[in-house]
Structures are given as C-alpha cells and as structure tokens.
Amino acid sequence: MNEQYSRRKNLLAGMLELADLEMDAYVESFDNYVSKIEQEIEKGCLRYQINSMSLERFMTWKFPNISPRVFRDIDLILRELNLFGISTIKELNELVRLEYEEEIQRAEWRSLDGIIRNILIIHDADQYFTKVWNPSMNQMNKKNYELYQRFGVDIDRICKEYNICIV
C-alpha cells in the first residue's frame, strides 16, 4: 500500500477514535444530567425549564401510579405549555390541584398529554381556549367534559363559544 493511502487510513482511524471518545463523554454527561433532574425533582426542586426530559421526570414523580405512561405528542404539549405561558416545572406544579391528583389516580388516566391539558383547562379554561386551543379540534370526549364540570369549568359556555361538540 502506498504512503498516501496508509496516511489517510491512519487519519480516519484517529478521527473515528476521537468521535467514539466524544460520544462516550456525551452519553455520560447526558446520563448525569437526567439523573440530576430525577434526584432534584424527587427532593421537590422544580426549578428546571420544561423540556421533554424534565416534563417526563416530573410526571413520573407527580403521578407515580400511572402505568403505562404515554405521551402521544410531547412536542405538541411542550408548544401548548409555552403558549399557555408555562416555562418551568415549578410553574406547572403550582397549577396541579390536589383534587385533580386524586382524580387522576381514581380514573386511571394514561395519556400524559391529556393529563397536562386538563391541568391547564381546569386552572384557566378561558386562557387555554383563547391562547392554546386548536380550532380544528372541534370535539371533546364526554369523560373530559364531565371532568371539567366537576372542577367548576363553565364548559357549556366554552363548547358553545368555540363550536365544540361532545362525543
């Protein structure tokens, strides 16, 4: 093999080794970050910005008996939280009413998207439907409708105002 090919092969081998070392360092750093979030949330430290990891860890901590936990579209729920004005786990946690936590356990809700959406609607339905609601979603299931009624949301007015039908 001539010297040019040998040199190129050695350069590539070195680059691959460097990439491998950097990937190992990245994975270790990422794992440490996730572990730190889990530990701090378990201690009640909720200062983290909302992102997919912190939101999943928070939901595991806040609603430990939900199984299986299902996010249908985490990017969509992150956008909805942002539109609602929620940027930290602490802000979201402050909206969760104790009675709602009990409802989640009793009714065996599974969709984390739905649980978070319900937290926002129960807290301030007008704000949710004004800033977040997607008008193309013109249906609401009866289970949610009844939940909002139990929590004092004027859901009949909202359904009429936003042309939402109950299915």
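Of the 167 residues of the chain in this predicted model, 37% count as buried. The exercises below concern its fold and its charged side chains.

**Exercise 1.** Determine how many helices and strands the chain holds, and in what order the elements run.

*Solution.* Step 1: the secondary structure comprises eight helices and two strands. Step 2: read from the N terminus, the order is α-α-α-α-α-α-β-α-α-β. Step 3: for contacts between residues at least 6 apart in sequence, 66% join residues at least 24 apart.

**Exercise 2.** Classify Glu80 and Arg117 as buried or exposed, and state which parts of the chain their salt bridge ties together.

*Solution.* Step 1: Glu80 has a relative accessibility of 5% and Arg117 one of 15%. Step 2: buried means under 20%, so Glu80 counts as buried, and so does Arg117. Step 3: their side chains form a salt bridge with an N to O distance of 2.8 Å. Step 4: Glu80 belongs to helix α3 (residues 74–84) and Arg117 to helix α6, so the bridge ties together parts 37 residues apart in sequence.

**Exercise 3.** Explain why Asp113 has no salt bridge with Arg117.

*Solution.* Step 1: Asp113 is located in helix α6 (residues 112–131) and is buried. Step 2: its nearest side chain of opposite charge is Arg117, 4.7 Å away. Step 3: a salt bridge requires a side-chain nitrogen of Lys or Arg within 4 Å of a carboxyl oxygen of Asp or Glu, and Asp113 has no such bridge. Step 4: beyond its neighbours within four places in sequence, Asp113 is in contact with Val70, Phe71, Arg72, Asp73, Ile74 and Ile77.

**Exercise 4.** Describe where the partners of the Lys62–Glu101 and Lys90–Glu94 salt bridges lie.

*Solution.* Step 1: the structure holds nine salt bridges, including one between Glu101 and Lys62, whose closest N and O atoms are 3.3 Å apart. Step 2: this pair links distant parts of the chain, with Glu101 in helix α5 (residues 98–107) and Lys62 in helix α2 (residues 52–62), 39 residues apart. Step 3: Lys62, at 13% relative accessibility, is buried. Step 4: Lys90 and Glu94 form a bridge at 2.8 Å, N to O, and both lie in helix α4 (residues 89–95), four residues apart, about one turn of the helix. Step 5: Lys90 is partly exposed at 46%, whereas Glu94 is exposed at 54%. Step 6: salt bridges that share partners also join Asp126, Asp154, Arg157 and Glu161 into one network.

Conventions. Residues are numbered from 1 along each chain as its sequence is written. This is a predicted model: local features need pLDDT of at least 70, side-chain atom pairs count only at pLDDT 80 or more; totals for chains, interfaces and linings use all residues. Side-chain values use heavy atoms; hydrogens and water are left out. Buried means under 20% relative accessible area, exposed over 50%, partly exposed in between (1.4 Å probe, protein chains only). Contact means heavy atoms within 4.5 Å. Lys and Arg count as positive and Asp and Glu as negative; His and the chain ends are not counted.
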